[in-house]
Amino acid sequence: TTSNQTGWRLVGGSVITPSGDCLDVAGQLPAKDAGLNWLRTRTCDPSLPSQKWRYTNNKLIASNGLCLGVMSHWLWPQPMVSLLGCGSRSTNITLSPNGTMSTASDYGCLGVSNIQGPPSSLWRKPMAGGKTAVLAINGAALPHTITINVSQVLSPDARPGEDSATEARAVDVWTGEKLGNVTSISRVVAPHSNIFITLHVL
């Protein structure tokens, strides 16, 4: 389907995306992450410098002088739109009257995706003294609520009806805070951040 690839428009210096929002250079990944800064859509606000663009010589140039471009990254299953130095085929952009936007590279037309990032993941490691370390990572580009269920983490292979631990004493590894006896822990986790705890069966 091309439903998320048509509808690109440049209006008053703002790039209107197929979703109706505006393209914003305040990217979703911190700059320290390999120097990459994937772009996102955001509610249009003409007062924001991060939404100011000019289109000239097949280049879509942001207010900071960098160009819209397309590149790949190991974290993502598809090429992503980013800010790059102007001049390569990846930043040679055609904004067509039919509402499509494409690059001269092999990546073709640009679209808007509702995928926010790599899936979250949960890791566990048994430790000495009956403890288990649990690391839950938010791999997405937006905050997400992650819930760690004690019984599922401590007995992931338990069958229905089998005895398994449902409660454990939890400690936050990063802060050292004692979280008390819990059956689950649920937190809103920032983009590319994590919950790191130890669980000790009572």
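# Exercises on a predicted protein chain

Trp8, Leu39, Trp53, Leu68, Met101 and Leu110 touch the most other members of the largest nonpolar core, which has 17 residues. This is a predicted model, in which local features need pLDDT of at least 70, side-chain atom pairs count only at pLDDT 80 or more, and totals for chains, interfaces and linings use all residues. Residues are numbered from 1 along each chain as its sequence is written, and side-chain values use heavy atoms, with hydrogens and water left out.

## Exercise 1: The cores

Find which strands give two or more residues to the largest nonpolar core, then look at what Trp53 touches.

Solution, step by step:

1. Start with the terms. A nonpolar core is a set of buried Ala, Val, Leu, Ile, Met, Phe, Trp, Tyr and Cys residues joined through side-chain atoms within 4.5 Å. Buried means under 20% relative accessible area, exposed over 50%, and partly exposed in between (1.4 Å probe, protein chains only).
2. Return to the largest core, with its 17 residues. Strands E6 (59–62), E7 (67–71), E8 (80–84) and E9 (93–95) are the elements that give two or more residues to this core. Strands (E, at least two residues) and helices (H or I, at least four) are DSSP runs, numbered from the N terminus.
3. Now pick out Trp53. Contact means heavy atoms within 4.5 Å. Leaving out residues up to four places away in sequence, Trp53 touches Leu10, Gly13, Val15, Leu23, Val25, Leu39, Leu60, Ile61, Ala62, Leu68 and Leu83.
4. Finish with the other core. A second, separate core has 15 residues, including Val153, Ala168, Val189 and Ile195.

## Exercise 2: The disulfides

Find how many disulfides there are, and describe the parts of the chain that Cys22 and Cys44 tie together.

Solution, step by step:

1. A disulfide is a covalent bond between the sulfur atoms of two cysteines. Here the rule is a pair of cysteine sulfur atoms within 2.5 Å, and the count comes to 2 disulfides.
2. Take Cys22 and Cys44, joined with an S to S distance of 2.1 Å. Their link is right-handed, with 100° about the S-S bond. Cys22 is in strand E3 and Cys44 in the loop between E4 and strand E5 (53–56), so the pair ties together parts that are 22 residues apart in sequence.
3. Compare how covered these two cysteines are. Cys22 is buried at a relative accessible area of 1%, whereas Cys44 is partly exposed at 32%.
4. Move on to Cys67 and Cys86, whose sulfurs are 2.0 Å apart. This disulfide is right-handed because the torsion about its S-S bond is about 95°. Cys67 lies in strand E7 and Cys86 in the loop between E8 and E9, 19 residues apart. Cys67 is buried at 0% relative accessibility, and Cys86 is partly exposed at 39%.
5. Count the bonded cysteines along the chain, and the pattern reads 1-2, 3-4.

## Exercise 3: Two loop residues

Is Asn138 buried or exposed, and what does Gly130 contact?

Solution, step by step:

1. Locate Asn138 in the loop between strand E12 (131–137) and strand E13 (144–149). Asn138 counts as buried, because its relative accessibility is 0%.
2. List its neighbours. Beyond four places in sequence, Asn138 is in contact with Ser120, Pro143, His144, Ile146, Val189, Ala190, Pro191, His192 and Ser193. A polar atom of the Asn138 side chain lies 3.1 Å from the backbone oxygen of Ala190.
3. Turn to Gly130, in the loop between strand E11 (121–126) and E12. Gly130 is partly exposed, with a relative accessible area of 46%.
4. Leaving aside neighbours within four places in sequence, Gly130 is in contact with Leu199, His200 and Val201. Gly130 and His200 are 70 residues apart in sequence, and 6.1 Å apart C-alpha to C-alpha.

## Exercise 4: The whole chain

What does the protein chain average in pLDDT, and how many strands are there?

Solution, step by step:

1. pLDDT is the predictor's confidence in each residue, from 0 to 100. The chain averages 83, and 83% of the residues score at least 70.
2. Among the elements, strand E4 (residues 40–42) has the lowest mean pLDDT, 82, and strand E14 (residues 168–172) the highest, 95.
3. The chain has 1 helix and 17 strands. Of its 202 residues, 33% are buried.
4. Among contacts between residues at least 6 apart in sequence, 49% join residues at least 24 apart.

Conventions: A polar contact is a pair of N or O atoms within 3.5 Å; within protein, one must be able to donate a hydrogen and the other to accept it, and residues adjacent in sequence count only if both atoms are side-chain atoms.
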